[in-house]
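Q: Hey, got a minute to walk me through this one? I'm new to it.
A: Sure, let's put it up and go piece by piece.

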Amino acid sequence: QVQVVESGGGLVQPGGSLRLSCAASGRIFSIGAMGWYRQAPGKQREMLATISRGSSTNYADSVKGRFTISRDNAKNSVYLQMNSLKPEDTAVYYCNAQVLSLQWYDTWGQGTQVTVSS
């Protein structure tokens, strides 16, 4: 019924920047909160940033000041601008969206790999 797909991951050098995108598609009436999460090898998935439909944001302390979440409601999309990247940012990054179709869905993307390395 609904899907979210991440894009923009890749290999970047320490101190570099990367911009992730996530677009929801399908039979969508509305999208509530959206967020970005990541999971490093051997670790549980952690919340990085969330954004409400009205663009109120919350950030994990580990990324505050470096990452910026934003959204475009007209495009059913959410973005994560990542600056000053560190090797410890290496992980699979996942997009999450609360999507109203015929019912509310807690929808996850398949993830996009971000690798920070020299």
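Q: Let me start with a detail: what does isoleucine 69 stand opposite in β8?
A: Leucine 80. Just keep in mind that this is a predicted model.

Q: Noted. How many bridges are there between β7 and β8, then?
A: There are 6, and the two strands pair in the antiparallel sense. They also make a hairpin, with 4 residues between them.

Q: Anything worth a look in that turn?
A: Asparagine 76 sits there, with a positive phi of about 50°.

Q: Back to β7: which of its side chains point to which face?
A: They alternate along the strand. Phe67, Ile69 and Arg71 point to one face and are buried. Thr68, Ser70 and Asp72 point to the other face, and these are not buried.

Q: OK, zooming out. What's the strand order in the open sheet?
A: The sheet has 4 strands, in the order β1-β3-β8-β7, with antiparallel pairing. β1 (2–7) and β7 (67–72) each have a single partner strand, so one side of each is left without a neighbour in the sheet. As for the twist, neighbouring strands are turned by 15° against each other on average, ignoring direction.

Q: And what holds strands together in a sheet, in general?
A: Backbone hydrogen bonds, in either a parallel or an antiparallel arrangement.

Q: How many bridges join β3 to β8?
A: Here it's 6 bridges, between residues 18–26 of β3 and residues 77–82 of β8, which run antiparallel. One example is alanine 23, whose bridge partner in β8 is serine 77.

Q: Tell me about serine 77. Buried or exposed?
A: Buried: its relative accessibility is 8%, and the cut-off for buried is under 20%.

Q: What does serine 77 touch, leaving aside neighbours within four places in sequence?
A: Cys22, Ala23, Met34, Ser70, Arg71 and Asp72. Closer along the chain, a polar atom of the serine 77 side chain lies 2.9 Å from the backbone oxygen of lysine 75.

Q: New topic: rings. How many aromatic pairs does a search of the whole structure find?
A: It finds 1.

Q: And where does the charged end of arginine 45 sit?
A: Over the ring of tyrosine 94, 5.2 Å from its centre. The charged end of arginine 45 also sits over the ring of tryptophan 108, at 3.9 Å from the centre of that ring.

Definitions and conventions: Residues are numbered from 1 along each chain as its sequence is written. This is a predicted model: local features need pLDDT of at least 70, side-chain atom pairs count only at pLDDT 80 or more; totals for chains, interfaces and linings use all residues. Side-chain values use heavy atoms; hydrogens and water are left out. Two strands pair if DSSP finds at least two bridges between them. Axes are lines fitted to C-alpha atoms, for helices over the stretch in contact, and angles run from 0 to 180 degrees between N-to-C directions. Buried means under 20% relative accessible area, exposed over 50%, partly exposed in between (1.4 Å probe, protein chains only). A polar contact is a pair of N or O atoms within 3.5 Å; within protein, one must be able to donate a hydrogen and the other to accept it, and residues adjacent in sequence count only if both atoms are side-chain atoms. Contact means heavy atoms within 4.5 Å. Rings of Phe, Tyr and Trp (its six-membered ring) pair if their centres lie within 6.5 Å; planes under 30 degrees apart count as stacked, over 60 as edge-to-face and the rest as tilted. A charge sits over a ring if NZ of Lys or CZ of Arg is within 6 Å of the ring centre and within 35 degrees of the ring normal.
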